[in-house]
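Here is a short report on one helix and one pair of strands. Keep the structure open while reading.

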Amino acid sequence: MSLLRSPGLRRGPVAMTVVATTLAALSLSAAGSALATPGGHGHPAPLASSITAVTATSTPITVGGASWTRTTGSVSGVVDPREQVAGIAGLARDARGLVPYSSEFELIAPADPRGSDVVLVEAENRGRPAVLPSLQGFLTSGDTSPADAVYPPGLGNGWLAGQDLSYARVQWETGISPGVPAAAQGIGEVVVRDFGRLLRGTAPRPSGPALPAYRASVLAGISQSAWFVDTLVAEGFNVDDRTGRGVFDAAIAISGAGNWLAINQLAGGAPQRPYVLEDGVPLTYDQVLTRRKSDPLFVDVATYTDYHRLRASVTAEADRPRGVVRYDWPAPHAGIVAYPDSVVFGQLRCNDGVAVARNPISYNPYLRTLVADVVQVVRHPGQGDRRLLPPSATFALQPAPAGDPASFNDLPGVALQVPRTDPVTLQPFGGVRFPDAVVPLGRPVPVALAPVGTSSITDVCGNWGGWQPFTAAELAERYGSVDGYLARYAAAVDAQVRDGYLDASEEPGVLAAARVAYLAAG
């Protein structure tokens, strides 16, 4: 299978030429610097894009028992019309000929700025945080404004404080950020890039209150926001044109799998939208990472349902350049806690509106472990700490089912695969060996709830998987009792800790959850 595929277009010589030309132009432009109007001595003039003002309010909070500060407000900035932003030519400009914008942001950091040297910048998902609740173990409110988000006392489990890790996010999506017009949604990429530059202290100082400057930064996203991460890197917006180096040292894409958003150049002739195109082919890693000097350490994660809905086998089979790690997790794309049955089967009409049990496996302990490891890598560059990341682990694959649109999202012209499964438990082979898949309490059937498409931003049912709990007789035959189950579960946990995929600090929590789950199942 060819490594050069056409995003947004069905395969064929013309389509492949279009995407090759687009990606090559984006790579050469380095986010616009190579195409900028020449300045003195024939060199390109630096882009004038920057954040020019910060308006913010800070309030004290407690995180992990320590004194922290939560800052919310807005950043105002300008976009140079030479940026590689589709549709920017038709936008209104200020007196300097630049395109103005404003966007809300949030920063959660130790009260003493010296208490943290790394910041995790989350790409929002529909205006909301998704990484932060997974790390901190809480649910967010439905508000899309950073200023209006409601968090629990202590910010949940206080995990950030244990990592000395600050957290930030800034709006990037049209319809959510007032500064990102529908006609030029790539401005959101400029906003995130320049917000990252501001937090790194490499941007011109804006007016307003000073934000902390960090020695290293990590960009992360889950689902839609992971596809934003893929798009930002592939389209060259991780490049700081003043230095040529990367804005973000590492990028984490949870359920990314090479998928991208039709918000800019990669959309080609398709209308821009902050979602994947229905027949958009995932990018391979050598298409996402084309700028060696500025490319981040790239950590890609696919979940079990991503193989059935998001064509995750395209990237699983692709070459992984140096600086790329890939993990497959036997959990569903979406958890069950934040989305009650009334939403999944009522509002969204998943599974034709018929409620069924959903796959309960959670990846949150593994996400915390992964983020902590990546933070240590960027905190100690050049010292061999990349070994802190365990080796890539992908599922064993087999050809995808033919003619089964209810359970598999096909892609015209591309041969896709799905994980091979245990004939009894139906859990996937390979990948990161979660104890919940090694010592299961049920079968993940169906793998993904119907429909499994990507026709629109609300076509999301395939993110959840079904679940067939073992009967009491099956549990007794397999494990004997709760103690027998927990003995085997603990051995599987120990193996994950030994192999580096799960931090030892997570062991008490996952064992306690396993006991509760077994007793509830029995």
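## Strands β8 and β9

Start at one facing pair: Asp300 stands opposite Arg326 in β9. This is a predicted model. Strand β8 covers residues 297-303 and is joined to β9 by 6 bridges. The two strands run parallel.

Strand β9 spans residues 324-329. Is β9 largely enclosed, and how many of its residues are buried? The count is 6 of the 6, so β9 is largely enclosed by the rest of the structure. Its side chains split two ways. Val324, Arg326 and Asp328 point one way. Val325, Tyr327 and Trp329 point the other way. Both sets are buried. That includes Arg326, the residue facing Asp300.

## Helix α13: span and sides

Helix α13 takes in residues 482-499, 18 residues in total. From first C-alpha to last, α13 reaches 26 Å. That is close to the 26 Å expected at 1.5 Å a residue.

Which residues of α13 are buried? They are Val482, Tyr485, Leu486, Tyr489, Ala490, Ala492, Val493 and Gln496. These residues lie on the same side of α13, because they cover an arc of only 165° around the axis. On the other side, Asp483 and Arg498 are exposed.

## Helix α13: neighbours and end

The buried residues of α13 pack against four helices. These are α10 (364-379), α11 (435-438), α12 (472-479) and α14 (507-521).

Just after α13 comes Gly500. Gly500 takes a positive phi of about 90°.

Definitions and conventions
Residues are numbered from 1 along each chain as its sequence is written. This is a predicted model: local features need pLDDT of at least 70, side-chain atom pairs count only at pLDDT 80 or more; totals for chains, interfaces and linings use all residues. Side-chain values use heavy atoms; hydrogens and water are left out. The expected span of a helix is 1.5 Å times one less than its number of residues. Buried means under 20% relative accessible area, exposed over 50%, partly exposed in between (1.4 Å probe, protein chains only). The arc is that of the directions from the helix axis to the C-beta atoms. Contact means heavy atoms within 4.5 Å. Two strands pair if DSSP finds at least two bridges between them.
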